[in-house]
Amino acid sequence: MIDEVSIYFFIEFSPKELRKLYLKLNKVFQSAIIPAKAYKAFSTWRFARTFALKPFAMRFHSRKWVKPEDLNANGTLFGGRVLSWIDEEAVIYAIIQLENKRVVTKYMSEINFMSSAVEGDIVELGIEVVKFGKSSLTLNCEVRNKMTLETILTVDNIILVNLDENGKPAPHGKTKIEYVEERLADKEN
Ligand SMILES: CC(C)(COP(=O)(O)OP(=O)(O)OC[C@H]1O[C@@H](n2cnc3c(N)ncnc32)[C@H](O)[C@@H]1OP(=O)(O)O)[C@@H](O)C(=O)NCCC(=O)NCCS
């Protein structure tokens, strides 16, 4: 299961080289494979830099076009707008994974705005599963510029809770990422 495999690289790079490698790998795999925070942490380490690559872990499903109504008074992407995009993306992801429409956002951890976006930019939203709980699902999110792959913001933990018909937390019974195509194929067999 490639999603559960972490590959560790022990290398020495200058921050510039590391940035180039980060962009190249993202381009090759067409998904964010190095969490932005790992890049940031290790790019400040002067000598040996260690970071973990999680191939194909984060998938960028949605793209958004930054329009005039998405801007703040500074003319850049409004934080509240991007948070609503993230919340919707996370809930959609959880509904598909947990196969239940009654999913609510319980908690969002620290949000780190790293760069900005301006009108006309295309941004994309990536989601990665951190943990399957009993009634909860913990996700990690990155928003980045589609054209430059520069990280705009990251949210480490978004916790969503699976509810029953009475609106109470209910066990979802899921333990790993599932794909709709595989579910349908299983049903056919
Ligand atoms: C979601 C809600 C039903 C959870 O109720 P609750 O009494 O906190 O439920 P529990 O204590 O049983 O916790 C449920 C799960 O959330 C997790 N959780 C609860 N609070 C948490 C927190 N602050 N941080 C991390 N996880 C938390 C618990 O660990 C548990 O996970 P698990 O079952 O996988 O072990 C309730 O808080 C609620 O209705 N909140 C409003 C949700 C909402 O309207 N969201 C906004 C828009 S969608």
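**Group meeting: fold, core and ligand shell of a predicted model**

From the N terminus on, the elements of this chain run β-α-α-β-β-α-β-β-β-β-β-α, which gives four helices and eight strands. Please keep in mind throughout that what we have here is a predicted model. Of the 189 residues in the chain, 25% are buried, and, if we take the contacts with a separation of 6 or more, residues 24 or more positions apart account for 67% of them.

Let me begin with the strand pairing. Strand S3, residues 59-65, is joined by six bridges to strand S6, residues 122-132, and the two run antiparallel. S6 is in turn joined to S7 by nine bridges, and this pair also runs antiparallel; S6 and S7 form a hairpin, with three residues between them. A convenient residue for following this across the strands is Ile127 in S6, which has Arg59 opposite it and which also stands opposite Cys141 in S7.

Cys141 takes us to the interior. The largest nonpolar core has 25 residues, and the members that touch the most others are Ala90, Leu139, Cys141, Val143 and Leu160. At least two residues of this core come from each of H3, S6, S7 and S8. If we set aside the neighbours of Cys141 within four places in sequence, its contacts are Ile86, Ala90, Leu125, Gly126, Ile127, Thr154, Val155 and Ile158. So which residue, then, both stands opposite Cys141 and belongs to its list of contacts? That is Ile127, named in the pairing of S6 with S7 and again among the contacts of Cys141.

I turn now to the ligand. Which residues surround the ligand? They are Val104, Thr105, Lys106 and Tyr107, followed by Gly133, Lys134, Ser135 and Ser136, and then Ile159, Val161, Leu163 and Pro169. The elements that give two or more residues to this shell are strand S4, at 103-108, and strand S8, at 151-162, and the largest share, four residues, comes from S4. In character, the shell divides into six nonpolar, four polar and two charged residues.

Two backbone details deserve a careful look. Most residues other than glycine have a negative phi. Glu99, however, has a positive phi, near 55°, and this residue sits in the loop between helix H3, residues 79-98, and S4. Is Glu99 buried, exposed or partly exposed? Glu99 counts as partly exposed, because 15 C-beta neighbours lie inside 10 Å, and that count falls between the limits of 12 or fewer for exposed and 20 or more for buried. The second case is Leu149, whose phi is likewise positive, near 65°, and whose place is in the loop between strand S7, residues 136-145, and S8. Leu149 is also partly exposed, because 16 other C-beta atoms lie within 10 Å.

Finally, a word on Arg81, which lies in helix H3. With 16 other C-beta atoms within 10 Å, Arg81 is therefore partly exposed. How far apart are Arg81 and Val66, in sequence and in space? They are separated by 15 residues in sequence and by 9.9 Å in space, taken from C-alpha to C-alpha.

Terms used: Residues are numbered from 1 along each chain as its sequence is written. This is a predicted model: local features need pLDDT of at least 70, side-chain atom pairs count only at pLDDT 80 or more; totals for chains, interfaces and linings use all residues. A residue is near a molecule or strand if its C-beta atom, placed from the backbone, lies within 6 Å of it. Ala, Val, Leu, Ile, Met, Phe, Trp, Tyr, Cys and Pro count as nonpolar, Asp, Glu, Lys and Arg as charged, and the others, Gly among them, as polar. Two strands pair if DSSP finds at least two bridges between them. A nonpolar core is a set of buried Ala, Val, Leu, Ile, Met, Phe, Trp, Tyr and Cys residues joined through C-beta atoms within 7 Å. Two residues are in contact if their C-beta atoms, placed from the backbone, lie within 7 Å.
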